[in-house]
Amino acid sequence: MQQLDKKTTYRVLIASLVGSSIEWFDYFLYGTMAALVFNQLFFVNEDPTVGLLLAYASFALSFFIRPFGGIIFSHIGDRIGRKKTLVLTLSLMGAATFAMGILPTYQAIGVAAPIILITLRLIQGLGIGGEWGGALLLATEYAPPERRGFFGSIPQMGVTIGMVMGTLALWLMSLLPEQQFMSWGWRVPFIFSALLVVFGLWIRKGIDETPEFKEVQQKGEIPKLPIVDTLRYYWKEVLITIGAKVVETAPFYIFSTFIVSYATSTLGFSRSAVLGSVMVSTVITTILIPIMGSLSDRIGRKKLYIAGTLAMMAFAFPYFWMIHQGSVLMLVLATIIGLGIIWAPITAVLGTMFSEIFDAKVRYTGVSLGYQIGAAVAGGTAPLVATALLASFDNSYVPVALYIMFTAVVSLIAIWAVKSRVEPTVITGKMSSAK
C-alpha cells in the first residue's frame with residue numbers, strides 16, 4: 001500500500017464523505033416526508049392509517065430496488081473503476097430528488113402523482129444501491145492497513161450527516177405555518193439538493209482511481225461478470241453481510257423514521273420535538289462514528305460490533321418505556337441512547353468489516369450485494385412492520401421491541417459465522433483473512 005500525503009488523504013476522505021452525505025440527504029428526505037407529507041398529498045385515502053401504510057410501502061419499495069442498483073453499478077465499479085461509478089450514482093440520485101421537488105400532487109394530476117413519485121423513488125433506490133459500496137471502497141482501498149477502520153467509518157458518517165441535513169432542512173421548513181409548509185415548504189429541500197449534487201461532483205472530479213483497483217487492472221484480473229464470480233466463490237460472505245446488516249438497519253429506521261409518525265400521532269409529541277430529538281442524536285452519532293472506527297483499529301471490528309448489538313438488544317424495551325413517559329426530555333434521552341450512542345459502534349465498523357472479507361476484484365459487487373439485500377430485507381420494511389404490529393396489537397409497543405431484539409439475534413448469528421475469516425490483526429497493521 002502506497003503512503004498517502006496529507007493532501008491526498010484529505011481529498012479522498014472528503015470525496016467519500018461529501019458524496020455519501022448528499023446521497024443520504026436526498027434519500028432521507030423522502031423517508032421523513034413519507035410520514036408527514038406524502039401520505040396526505042400523494043397517497044390520499046379516507047383512512048389515515050391506510051394512507052400512512054401506503055406512504056411507508058413506497059418508502060420500503062426503493063429498498064428492494066437497491067440490490068439491483070448495487071448489482072448494476074458494482075458491475076461497472078468492478079469493471080471500469082470506483083470513481084466513474086460514483087459520478088453516475090450521484091448524478092442519478094440528484095436528478096430524481098430534484099424532480100420530486102417539482103412534482104404536482106394527487107390533487108393536481110390524480111393517480112399519476114403517486115405513480116411518478118414511486119418511479120422517482122425507485123430511481124433513488126438504484127442510485128443509492130451503487131453509491132454506498134463505491135464511497136466505502138474509495139476510502140478503504142486508499143487506507144493504510146493500520147487505519148482502515150477509521151477510513152472505512154468516514155463514508156458511514158455520510159448516512160448521519162445526510163440525515164442531519166435532511167432533518168434540519170425539514171425542521172426549518174416546518175417552522176412555516178402549516179398551510180404554507182404543506183403547499184410549498186416541503187418542496188424546498190428537494191429542489192435545494194441540486195446545488196449539493198453539483199458541489200459533490202466537483203469534489204469527486206479531482207480524485208484518482210483507487211490503488212487496489214489499479215493493481216487488479218495491472219494484473220489483468222478484472223472479471224467479465226463480477227456478480228457470477230461473487231455468487232460462485234463468495235456466497236457465504238454475501239450471506240454474512242446480509243445477516244450482519246440487519247441489526248444496523250432495522251433499529252435505525254425505527255429510531256429515525258418510524259418514531260416521527262408514532263411519537264406525533266400516537267404519543268402526542270409535537271413534530272418539532274421529535275425531529276429535534278432525532279437531529280441531536282444524529283449529531284452525536286456522527287461524532288462517535290470516526291471515534292469508534294479508530295477504536296476498531298486497536299481492538300478489532302468484531303468486538304465493537306458484538307458490544308453494540310448486545311446493547312441494542314438490551315435497550316429495546318427501555319427505549320419504548322422511556323418515550324411512553326410523555327416527557328420531551330425522556331424522548332430526547334431515549335433517542336440519544338439508541339440512535340446516538342448504541343448504534344454508533346455497529347455502523348462504524350460495518351463497512352470496513354464487509355470490505356475485508358471480499359477480494360478486490362469482486363469487492364464492489366460483494367459488499368454492495370450483501371449490504372443492499374440486508375437493507376431491503378430489514379431496513380425498508382422496518383417502519384412498515386412496526387406500524388403493522390401496532391395496528392395488529394392494539395398499539396402495544398411490545399411486539400415492536402421484540403422485533404428489535406430479533407434483529408439483534410439474527411446479526412449475532414451472522415457475526416458468529418465470521419469467526420477468523422475477517423478479524424484484522426490491527427496492532428501490527430497486518431490483515432488475517434481467508435482470502
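**Exercise 1.** Determine how the span of helix α12 relates to its expected span, and where the helix bends.

*Solution.* Helix α12, a DSSP run (H or I, at least four residues) numbered from the N terminus, covers residues 271-299. Its 29 residues reach 40 Å from first C-alpha to last, close to the expected 42 Å, where the expected span is 1.5 Å times one less than the number of residues. Next, examine the axis: a kink of about 25 degrees lies at Leu288, shortly before Pro290, the bend being the angle between axes fitted to the seven residues ending there and the seven starting there. Just after α12, Gly300 takes a positive phi of about 105 degrees.

This is a predicted model, in which local features need pLDDT of at least 70 and side-chain atom pairs count only at pLDDT 80 or more, while totals for chains, interfaces and linings use all residues. Residues are numbered from 1 along each chain as its sequence is written, and side-chain values use heavy atoms, with hydrogens and water left out.

**Exercise 2.** Identify the salt-bridge partners of Glu141 and locate them in the chain.

*Solution.* Apply the criterion of a Lys or Arg side-chain nitrogen within 4 Å of an Asp or Glu carboxyl oxygen. Arg82 pairs with Glu141 at 2.8 Å between the closest N and O atoms; Arg82 lies in helix α3 and Glu141 in the loop between α5 and α6, 59 residues apart. Arg363 also forms a salt bridge with Glu141, at 3.2 Å, and this pair, with Arg363 in helix α15, is 222 residues apart. Finally, Glu141 has 0% relative accessibility and counts as buried (under 20% relative accessible area, 1.4 Å probe, protein chains only).

Note on methods
Helix = DSSP H or I, 4+ residues; strand = E, 2+ residues; numbered from the N terminus. Buried < 20%, exposed > 50% of the residue type's maximum accessible area, 1.4 Å probe, protein only.
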